[in-house]
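Let's take a quick tour of this structure, going from one pair of residues out to the way two chains meet. Keep the 3D view open and follow along.

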Amino acid sequence: MSFDYFITVLKPMLHGAQMTLLLFFITIIVSIPLGFLVMLAQKNSFKPLSWLAHIFVYIMRGTPLLLQLIIVCFGLPMLPGIGEHLVLDRFTAASIAFILNYAAYFAEIFRGGILAIDKGQYEAAQVLGLNKFQTTVKIVIPQMFRIALPALANESITLMKDTALIYAVAVPEILHYAQTAVNRDLNFFPLVIAGAIYLLLTAVLTLIFKLLEKKYAFE
Amino acid sequence: MAIIEISTLQKSFGSNEVLKNISFEVNKNEVVAVIGASGSGKSTMLRSIVHLEKVDGGSIQIDGQNLVKDGHYPKIKTIKEITAKTGMVFQHFNLFPHLSVKENLEIAPKLVKKTTKEELDKRSRDILQKVGLSDKLHAQPGSLSGGQKQRVAIARALMMDPDILLFDEPTSALDPEVTGEVLKVMRDLAEENMTMIVVTHEMGFAREVADRVVFMDGGEIIESGRPEEFFTNPQHARTKAFLSKNLN
């Protein structure tokens, strides 16, 4: 296998990696705040809102992401009456499915983070005279993020790999170009390159989260 | 004159009656040590004074104002005003782990009292010096020893300029070799006439520093008195039994 062949195969895959990264960042940037809002809704004392948030999380976590992806891409446009207004371009549809799915997981991660905060923190804040809002913003949320960091890192790595699922709705990403090359050249090697690209991306993520954990360590 | 007046306080957790008609007073500038076995109700009594526990019946009056009267609480705003006079130090320090020592000290006066930055800066340095931790101003709580954490916690409570300081077993989570440094800070406060209620297992501290010792057992105050009388000549059989177990 020549270096030229390597470049020929790598080029379109790097192009695909842009799609992978774009989906990754859109999902992270929207689903983390959305997940936080879903968690707040879950904990809200207004019961219907809380139930709605729980049902949302239950559905999103309880069904395969691939199924959700196919529903948003192909299922919604088939709905009688409103379907024709729900025809989205594939990438937009995929982004919506990913955002909703990941928001549910992030909501659970944040909920776990809040549960892990010692009740002494609330008591100290109360005795010092902080009100509920001040306690939430200054004491609870910063600690929640710190506690949630390892789980956020884990989920982000999963997301990086899950982006390959958009292969199923024919959005050209890394795996798409790898598979195209494999079929064209009857060569196993492009799959190795694909694997290497994912490893590189997840290595960068791991490093970033390690640095964040260090920066925000409670020491 | 009494700054805290507690009368016929009652509290149950389910069927477990933890406070049975507790009544006592604390005078201004007085140091009261509350002793008793675990489960005697002493921590619950202390926590009810800062509204960390709600009582089922009885009254608590702080500086002439009713925190609770015959089991009825006023509006939350009034409760906050009354409890603002009281600071509290916890067994497990409860420092905010994501904030530096300086930020731990300044967060409450900054948010609650809107103290200016310059004033906060001066005050946090002064108070930290008082507890002997000037060099830890910018440290994170996680890097401190237990004794240092507890001294920071005391400093944090002092930042709000309380009239009364409550201590809930302040040395129980500490290694024996560092309890001394915390007790010294508490002794200094007592000498400056801070009104203090100290729930403690430190008999030596109760004996030397307290103006009065209160012994609780089974949710009741069994006996109270000046330390020298209390420790040398306890009247009640339950006090005698407790003291013989806890004084070597």
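Start with one residue pair: B:Gln10 stands opposite B:Gly57, which sits in β4(B). Bear in mind as you look around that this is a predicted model. From that pair we can work outwards to the sheet, then the helices, then the contact with chain A.

**The sheet in chain B**

- Strand β1 (residues 2-13) and strand β4 (residues 57-62) of chain B run antiparallel to each other, and 5 bridges link them.
- Zoom out and you'll find an open sheet of 4 strands in chain B, ordered β2-β1-β4-β5, with antiparallel pairing.
- Which strands sit at the edges? In chain B they are β2 (16-27) and β5 (65-68), and each of them has a pairing partner on one side only.
- If you ignore direction, neighbouring strands in this sheet are turned by 20° against each other on average.

**Helices on the sheet**

- Helix α1 (residues 42-49) of chain B lies across β1, β2, β4 and β5 of chain B. Its direction is at about 120° to β1(B).
- Helix α2 (residues 76-83) of chain B also packs on the sheet, where it touches β4 and β5 of chain B. The angle between the directions of α2 and β5(B) is about 115°.

**Where chain B meets chain A**

- How many residues does each chain bring to the contact? Chain B has 22 residues touching 19 residues of chain A.
- People often describe the size of an interface by the accessible area that is lost when the parts come together.
- Here, the area buried between chain B and chain A comes to about 1,900 Å², and carbon and sulfur atoms give 65% of that.
- On the chain B side, the residues losing the most area to chain A are B:Phe96, B:His98 and B:Leu111, which together make up 28% of what that side buries.

**Polar links and who supplies them**

- Between chain B and chain A there is 1 salt bridge. B:Arg47 forms it with A:Glu123, and their closest N and O atoms are 2.7 Å apart.
- There are also 9 residue pairs in polar contact between chain B and chain A, counting pairs with both residues at pLDDT 80 or more.
- Which elements of chain B give two or more residues to the side touching chain A? They are β6 (86-89) and α3 (101-112).
- The largest share of that side comes from α3(B), with 4 residues.
- Sorted by class, the side of chain B that touches chain A has 12 nonpolar, 7 polar and 3 charged residues.

Note on methods
Residues numbered from 1 in each chain as written. Chains lettered and ligands numbered in written order. Predicted model: local features only at pLDDT ≥ 70, side-chain atom pairs only at ≥ 80, totals over all residues. Heavy atoms only, no water. Contact = heavy atoms within 4.5 Å. Buried area = accessible area lost by both parts, 1.4 Å probe. Salt bridge = Lys/Arg side-chain N within 4 Å of Asp/Glu carboxyl O. Polar contact = N/O pair within 3.5 Å; in protein donor to acceptor, adjacent residues only side chain to side chain. Nonpolar A, V, L, I, M, F, W, Y, C, P; charged D, E, K, R; others polar. Pairing = 2+ DSSP bridges. Axes fitted to C-alpha atoms, helices over the stretch in contact; angles between N-to-C directions.
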